[in-house]
Amino acid sequence: MSKVVYLNSHLEKFREKSDIKFNIDEIEGLAQYSNLYKEDKKTTKIFTKCFNNKESYKELLEKLPNNVDRLGKFYLITAYWIAYVNYYQNEKFDDEMGKCLESIDEDVILLDSPHFCKKVFYYLNSPELAKNNVRSINSNWNNSNSSSNL
């Protein structure tokens, strides 16, 4: 084993891991998508209700009111997806964020950046990702039906 590999593996023990965590009580704070306007109570209520019911970001997108502008939708879907994966699928969070950041050519999660939120929004709604999600749902559905037939 080379000295560099040994040193890196030894240092790994002492590196602090900065896990992103939040409290479910803070979910309403993520629903505030604009610093220019007062909080939209209807949007906040929809956001928190969808989150508590474990609905997907696509279901949230369908339920958002028409008065939410495009930048607001980009932010809300990005914040919702990051919070959802972090809270409900924590073991997958690093992998999912890594895939997302790599495919949108970013290094850091920047919820304050409209450009970042737009990239994540289009990443989540890309045809390739939708195809993979459909395959995953179909395989889960087939597995559950085959086990119930036994």
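## Thr44 and helix 3

Thr44 sits in helix 3, which runs over residues 41-52 of this predicted model. Its relative accessible area is 5%, so Thr44 is buried. Setting aside the neighbours within four places in sequence, the contacts of Thr44 are Glu28, Ala31 and Glu39.

Thr44 has company: Thr43, Ile46, Phe47, Thr48, Cys50 and Phe51 are also buried residues of helix 3. Helix 2 (27-30), helix 4 (57-63) and helix 5 (70-88) are among the elements that cover these buried residues. A quick check on the length of helix 3 works out well: at 1.5 Å a residue, its 12 residues should span 16 Å, and the end C-alpha atoms are indeed 16 Å apart. Just after helix 3 comes Lys54, with a positive phi of about 60 degrees.

## The buried side of helix 7

Now to helix 7, residues 114-124, where the buried residues are Phe116, Cys117, Val120, Phe121, Tyr123 and Leu124. Around the axis they take up an arc of only 160 degrees, so they lie on the same side of helix 7.

## Aromatic rings

The model has 12 aromatic pairs. One of them joins Phe121 and Tyr122 edge-to-face, with 5.4 Å from centre to centre and 85 degrees between the planes. The two partners are placed as follows: Phe121 is buried, at a relative accessible area of 11%, while Tyr122 is partly exposed, at 41%.

Ring pairs also build a cluster out of Phe47, Phe51, Tyr80, Tyr84, Tyr87 and Tyr88. Two of these names may look familiar, as Phe47 and Phe51 belong to the buried residues of helix 3.

## Salt bridges

You will find 3 salt bridges in the structure. In one of them, the side chains of Lys63 and Glu55 meet at 2.6 Å, N to O. Lys63 is partly exposed, with a relative accessible area of 43%, whereas Glu55 is buried, with 13%.

Another salt bridge pairs Lys99 with Glu96, whose closest N and O atoms are 3.8 Å apart. Both residues belong to helix 6 (residues 93-103) and are 3 residues apart, about one turn of the helix. Lys99 is partly exposed, at a relative accessible area of 48%, and Glu96 is partly exposed too, at 22%.

Glu106 and Lys119 also form a salt bridge, with 2.8 Å between the closest N and O atoms. This pair links distant parts of the chain, 13 residues apart: Glu106 is in the loop between helix 6 and helix 7, and Lys119 is in helix 7. Lys119 is partly exposed, with a relative accessible area of 25%.

Note on methods
Residues are numbered from 1 along each chain as its sequence is written. This is a predicted model: local features need pLDDT of at least 70, side-chain atom pairs count only at pLDDT 80 or more; totals for chains, interfaces and linings use all residues. Side-chain values use heavy atoms; hydrogens and water are left out. Buried means under 20% relative accessible area, exposed over 50%, partly exposed in between (1.4 Å probe, protein chains only). Helices (H or I, at least four residues) and strands (E, at least two) are DSSP runs, numbered from the N terminus. The arc is that of the directions from the helix axis to the C-beta atoms. Contact means heavy atoms within 4.5 Å. The expected span of a helix is 1.5 Å times one less than its number of residues. Rings of Phe, Tyr and Trp (its six-membered ring) pair if their centres lie within 6.5 Å; planes under 30 degrees apart count as stacked, over 60 as edge-to-face and the rest as tilted. A salt bridge is a side-chain nitrogen of Lys or Arg within 4 Å of a carboxyl oxygen of Asp or Glu.
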